[in-house]
Amino acid sequence: MRGFTQIQAVLSVAMILLMGALWGLPIAPALYVFDWLSSYGPGNRGWLDLMIIGFSASISFLTWGMFLLLLSGILQFVIRLRFEERIVTPLASLTTIRWAICGQIHRSTQPFLKHIVPSFFANAYYRLAGCKIGKNVNINSFTINDPSLVELGDNVVIGGGATLNGHLVEKGNLVLEKIIVGKNSTVGGATMVGPGARIGENSILGNRAVLAKRKVIPDGEIWVGIPARPISSLQSDASK
Ligand SMILES: CC(C)(COP(=O)(O)OP(=O)(O)OC[C@H]1O[C@@H](n2cnc3c(N)ncnc32)[C@H](O)[C@@H]1OP(=O)(O)O)[C@@H](O)C(=O)NCCC(=O)NCCS
């Protein structure tokens, strides 16, 4: 794309302004909540008044965070890329720009998101951002880095600190591909899962494992290590 360096510079400034709006707009309801709650104090700066102000400040911070999740999720829902198969696109392309904007919006949300995983608020945020989530899914990670490229089946557990990346830069191109986790499977804590990886149903990716791009864990298997390799099958364990 001709003039991409200049476009990148302009977009960098635009992104900072977007972050200003993303962090700033939710301050409005937060200030409203602060004024409302703190008005119940006696207003004399005594200990009771100060405690009410402190409580009002923390509730208004939580209000800010909830509206941040909502706004961030809606923006990603609108901007996200929609595709089923793998995408390979030059770094200097409109597709990359759309992906990068979503990534930046998600990163701007992570400082608050990390405090509310796992919870239905976090699941609702990830859903808004484009992640397909089944029933009874437990997400304890704020680093599902490309939410719109991730599908989680019913009863899936994503352990704390698990990082799911639906993207990779290879040979000057951005590669985007979905990560799919089948129902009843566990993605262990502190794992890394690459783009295009598939985890079957009733499977486990062990703690701290690295599941490389496009690797497939068949149904009912346990994989551990770096790079992740099978250690056993849950079905064969059950039949012992
Ligand atoms: C992978 C896992 C399921 C294995 O549990 P298990 O079936 O009870 O297996 P064991 O603990 O008996 O270990 C079997 C072998 O695998 C090895 N192993 C177990 N977990 C491992 C891991 N995360 N990485 C590397 N090796 C591992 C053990 O050292 C053992 O090796 P050995 O046979 O040479 O002694 C479990 O360790 C795990 O990581 N579960 C995921 C938990 C998690 O992160 N949940 C998310 C929410 S907190």
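Below, a trainee and a mentor talk through a predicted model.

Trainee: What makes the contact between glycine 189 and the ligand a polar contact?

Mentor: A polar backbone atom of glycine 189 is 2.8 Å from an oxygen atom of the ligand. The cut-off is 3.5 Å between N or O atoms, so this pair counts as a polar contact. Asparagine 207 passes the test too: one of its backbone N or O atoms lies 2.8 Å from a ligand oxygen.

Trainee: Which residues are around the ligand?

Mentor: Among them are Gly159, Thr186, Gly188, Ile204 and Ile231. The protein covers 37% of the 910 Å² of accessible area that the ligand has on its own.

Trainee: How do you know what classes of residue make up that shell?

Mentor: Gly is counted as polar and Ile as nonpolar. Sorted in this way, the shell has six polar, four nonpolar and no charged residues.

Trainee: Why are S7 and S8 called paired strands?

Mentor: Pairing needs at least two bridges, and strand S7 (residues 167-170) and strand S8 (residues 173-176) have four, so they qualify. Their sense is antiparallel, and glutamate 170 stands opposite asparagine 173 in S8.

Trainee: What lies between S7 and S8?

Mentor: Two residues separate them in a hairpin. Lysine 171, in the turn, has a positive phi of about 50°.

Trainee: What makes S11 and S14 a pair?

Mentor: Two bridges join strand S11 (residues 192-193) to S14, and at least two are required, so the pair meets the rule. These strands run parallel, with valine 210 in S14 as the bridge partner of methionine 192.

Trainee: And where does S6 belong?

Mentor: S6 belongs to an open sheet of three strands, in the order S6-S11-S14, with parallel pairing. Strand S6 (163-164) and strand S14 (210-211) stand at the edges with a single partner strand each, so one side of each has no neighbour in the sheet.

Trainee: Why is the empty space in the protein called a cavity?

Mentor: The name applies because a 1.4 Å probe fits there but cannot get out. The count comes to one cavity of 30 Å³ or more, and the largest cavity has a volume of about 120 Å³.

Trainee: What lines the largest cavity?

Mentor: Its lining has 14 residues, with Trp99, Cys102, Asp146, Ser148 and Leu149 nearest the centre. Helix H4 (residues 94-113) gives the largest share, three residues. By class, the lining has eight nonpolar, four polar and two charged residues.

Technical notes: Residues numbered from 1 in each chain as written. Predicted model: local features only at pLDDT ≥ 70, side-chain atom pairs only at ≥ 80, totals over all residues. Heavy atoms only, no water. Near = heavy atom within 4 Å. Polar contact = N/O pair within 3.5 Å; in protein donor to acceptor, adjacent residues only side chain to side chain. Areas by Shrake-Rupley, 256 points an atom, 1.4 Å probe, with all protein chains shown as cover. 1 Å grid on protein atoms, 1.4 Å probe; cavity = no way out; pocket = protein on both sides within 12 Å on 5 of 7 lines; lining within 4 Å. Points joined across faces, edges and corners; volume = space filled by probe spheres on them.
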